[in-house]
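Please open the model in your viewer and keep the selection panel at hand. We will go from one selection to the next and say what is there.

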Amino acid sequence: MSIPPIAPWTDRLINGGSLTDEEALLLAGCDDLPALTRAAGTVRDARAGDRVTVSRKVFIPLTQLCRDVCHYCTFAQAPRNCREAFLKPDAVLEIARRGVAAGCDEALFTLGDKPELRYAVAREELKALGHATTADYLQAMAGMVLRETGLLPHINAGVMSEAEIRDLRAVSVSQGIMLETAAERLSQRGGPHFGSPDKQPAVRLAMIEAAGRAAVPFTSGILIGIGETRRERIEALLALRALHRRHGHIQEIIVQNFRAKPGTRMADAAEPGLADQVWTIAVARLIFGRETAIQSPPNLRAQDLGALIGAGIDDWGGVSPVTPDHVNPEAPWPELQRLADETANAGRTLVPRLAVYPDWLADAARWLAPEPRMAALRRQDGSGHAHESGWRVGREQHAHPFPQAAAVAGPQAAIGRTIDRAAAGRALSEGEITALFEARGSAREAVVAAADAVRRERVGDTVGYVVTRNINYTNVCGYGCRFCAFSKGRTAEHLRGRPYDLELSEIARRVDEAWQRGGVEVCMQGGIHPDYTGETYLEICRTAKRAVPDIHVHAFSPLEVRHGADTLGLPVADFLQRLKEAGLGSLPGTAAEILDDEIRATLCAEKLSTAAWFEVVEAAHRAGLRTTATIMFGHVEGYAHWARHLTRIRAAQERTGGFTEFVPLPFVHMEAPIYLKGEARQGPSFREAVLMHAVARLALNPVIPNIQVSWVKMGEAGIAAALAAGANDLGGVLMDESISRAAGTEHGQEYAPQRMEAAIRRAGRIPRQRTTLYGTPPAVQTRRSHQAPPLAERIQAPALKRARTGSRHALAETATG
């Protein structure tokens with residue numbers, strides 16, 4: 001047999017090509033293990049970079065009765081060895097809830113094949129449970145776990161019909177069955193599968209094909225060491241590849257090593273050696289190239305994890321911190337911390353994933369039924385992987401953090417070059433910025449450290465904050481932004497709070513009270529009330545300045561500015577000049593959300609386009625009005641959209657120099673309409689939220705000197721992490737925070753100067769009160785801020801919503817009081 005040309009094949013594979021069946025079969029005669037593993041590792045890196053994924057799961061053995069009699073299996077039991085034929089609903093939920101408490105994402109349902117066809121007790125228990133078949137009962141239990149716990153079911157229930165696969169698709173994110181082998185001879189008398197009709201290769205291949213037709217994300221693989229030859233392993237892998245090419249549904253291929261178990265007919269059979277398993281993993285990687293994940297169970301080769309990584313795997317499968325491996329009970333799961341450390345020792349970073357992989361989540365409308373699609377969306381981060389911990393925006397809980405490796409390799413060279421370019425102040429491309437957001441493990445640590453170093457060099461160790469009061473003068477809004485839980489309009493009647501519209505006298509009172517409490521700024525924004533005109537905004541400015549002439553008025557989003565200009569028939573530049581004359585000092589750069597029209601069409605289609613937002617902001621800069629710049633992230637967008645947003649902000653700053661700071665605003669999901677409809681993620685993960693500050697510091701260096709962290713969104717743990725990742729400002733004490741609170745945050749309405757400064761000092765930094773434009777506030781105001789009395793009761797005048805005939809934002813005419 002000729003020696004396969006491994007090196008030329010490798011080049012083809014890393015560029016997205018594949019081996020022919022004939023070329024793959026040549027690998028059966030290849031004994032050059034170093035050449036195979038080098039090639040497989042190179043192809044794996046082209047697919048996955050330095051990542052190896054793992055799913056945190058809980059194992060639910062719904063039944064251990066099985067009609068098959070595999071000669072190596074101890075999972076299947078006779079009825080006499082089982083207390084009951086099926087786990088009852090309460091037991092299923094108890095296992096699932098333990099998984100939730102331990103931070104799991106996946107509920108793995110593994111069970112024997114159709115026990116009701118063999119055992120009367122199985123038929124009787126199913127009847128008592130109200131079900132005719134195991135598949136029916138499984139569908140009910142998976143649906144219960146999905147709805148009541150949010151865990152994502154993965155179904156491993158043996159051979160099923162296409163109808164059963166489709167029924168289970170409605171309550172699961174993925175399914176699987178091991179092909180094990182394509183060798184029919186192993187099902188003949190004397191073979192390991194004799195007497196097991198569901199192990200016939202043709203039967204299993206037909207089921208895997210049916211799953212492809214049903215558009216089910218799928219897991220399969222081979223079991224090595226049960227009497228098959230190398231060529232038969234390759235034939236099995238090629239059969240799976242052919243099915244995947246027809247349907248695109250196979251997410252992962254498992255290469256599992258046979259374990260001899262006492263009490264089975266194969267108890268004395270030889271187990272495959274490490275070299276044999278490494279050879280098979282490498283061959284599987286070369287056959288599947290960059291198309292699918294290659295997995296090998298870590299508990300079945302626990303002392304040789306580095307060798308498995310070296311062979312080309314990029315996934316460890318599911319590992320449970322709660323339940324044993326019921327199929328291989330003699331082999332306990334490695335602890336996640338040890339798995340992270342071993343993965344790092346092999347130069348890789350362990351990353352948590354869901355039971356449905358990112359490539360399939362990216363096309364979730366095709367691959368997932370509505371209910372599991374909503375559940376998966378709520379658990380995924382911006383890359384389609386799992387959140388690393390229980391931390392969520394607006395909540396202080398930080399349960400079950402994903403383990404960080406004790407020993408890590410250095411960052412990849414490309415990341416290092418990008419960091420160096422950013423530190424030197426050079427503009428980064430969208431691709432480079434996206435790669436920074438993708439950083440994990442040592443690469444993430446390098447990004448954070450570089451951002452902190454740039455911050456120290458550019459702005460020193462002081463951390464600023466401003467004593468300001470938020471005044472949201474109305475929550476009535478004719479727009480239907482799908483993320484907003486604050487405004488009250490035609491799409492938000494069910495959300496928190498009643499519609500209100502502050503009297504000018506109440507605005508004046510709040511401005512004066514803010515000044516008496518040491519404030520130097522009022523930040524004023526509101527909904528786009530359909531009865532407001534440009535004169536309304538002008539009068540709000542005049543009211544504030546009449547109340548306290550020295551107060552800085554930081555007010556009106558670009559959307560409000562455009563609304564005011566349009567209602568007066570003025571160009572935006574002329575209206576801005578009138579606002580400035582009325583006392584406006586600067587503008588918040590809100591209403592930016594994600595500055596990409598693809599995302600805005602989903603999130604806030606009626607709002608300003610990206611170009612229109614920049615037109616207003618740059619007009620303000622030309623008028624001598626400084627603005628902030630913001631990003632609201634973690635909902636429906638991806639890392640490439642974040643990168644595009646940052647490049648556009650940088651380009652505008654290079655044109656005008658008018659941005660004072662960049663403010664990341666993590667999406668608060670709890671009461672957001674788009675989340676409640678199951679169409680948005682649960683905000684960014686903690687890693688992503690911190691990285692946004694770090695990447696912003698690098699990508700905007702040196703043109704925007706100040707990166708702000710929102711205490712309302714991030715909480716004290718987030719403040720500390722962001723200050724160590726490039727942030728140098730905590731924004732305002734706020735006094736009256738209401739927008740994030742309406743969305744569900746729990747961090748309060750005010751962060752008093754004493755608390756603000758204590759948090760800054762705990763981070764090892766130097767607190768500094770500042771003005772809106774980063775000057776020094778009057779000493780008397782600073783003293784007042786540290787001695788501020790409690791706020792007086794607020795007066796929220798009820799809103800009268802009147803129809804505006806012909807308005808595209810018309811509201812029904814109702815009185816509220």
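The tour below visits a helix, an exposed side chain, a sheet and the nonpolar cores. Bear in mind throughout that this is a predicted model.

**Stop 1: helix α4**

Select residues 89-101, which make up helix α4. From the first C-alpha to the last, its 13 residues reach 18 Å, close to the 18 Å expected at 1.5 Å a residue. Now colour Val92, Leu93, Ile95, Ala96 and Gly99: these are the buried residues of α4. Turn the view until you look down the helix axis; the buried residues fall within an arc of 160°, so they line one face of α4. In general, an α-helix has 3.6 residues a turn, so residues three or four places apart point the same way.

What do the buried residues of α4 pack against? Add β1 (51-61), β2 (106-110) and α6 (134-149) to the display, and you have their packing partners. On the other side of α4, look for Asp90 and Ala101, which are exposed. Just after the helix, stop at Gly103, where phi is positive, at about 85°.

**Stop 2: Arg147**

Stay with helix α6 and pick Arg147, which lies in it. Is Arg147 buried or exposed? Its relative accessible area is 53%, and exposed means over 50%, so Arg147 counts as exposed. Leaving out residues up to four places away in sequence, Arg147 touches Val171 and Glu371. Try a distance label between the C-alpha atoms of Arg147 and Glu371: they are separated by 8.5 Å, although the two residues are 224 apart along the chain.

**Stop 3: a parallel sheet**

Next, show the open sheet of 6 strands, which runs in the order β11-β12-β13-β14-β15-β16 with parallel pairing. At the edges stand β11 (468-472) and β16 (659-666); each has a single partner strand, so one side of each is left without a neighbour in the sheet. On average, neighbouring strands here are turned by 25° against each other, direction ignored. Zoom in on β11 and β12 (residues 521-525), which pair over 5 bridges. One place to click is Arg469, whose bridge partner in β12 is Val522.

**Stop 4: the nonpolar cores**

Finally, select Val447, Met524, Phe556, Leu579, Trp613, Ile649 and Phe662, which touch the most other members of the largest nonpolar core, a set of 125 residues. Helix α27 (residues 686-699) gives the largest share of this core, 10 residues. Apart from this core lies another, of 93 residues, including Leu126, Leu240, Ile287 and Leu305.

Terms used: Residues are numbered from 1 along each chain as its sequence is written. This is a predicted model: local features need pLDDT of at least 70, side-chain atom pairs count only at pLDDT 80 or more; totals for chains, interfaces and linings use all residues. Side-chain values use heavy atoms; hydrogens and water are left out. Helices (H or I, at least four residues) and strands (E, at least two) are DSSP runs, numbered from the N terminus. The expected span of a helix is 1.5 Å times one less than its number of residues. Buried means under 20% relative accessible area, exposed over 50%, partly exposed in between (1.4 Å probe, protein chains only). The arc is that of the directions from the helix axis to the C-beta atoms. Contact means heavy atoms within 4.5 Å. A nonpolar core is a set of buried Ala, Val, Leu, Ile, Met, Phe, Trp, Tyr and Cys residues joined through side-chain atoms within 4.5 Å. Two strands pair if DSSP finds at least two bridges between them. Axes are lines fitted to C-alpha atoms, for helices over the stretch in contact, and angles run from 0 to 180 degrees between N-to-C directions.
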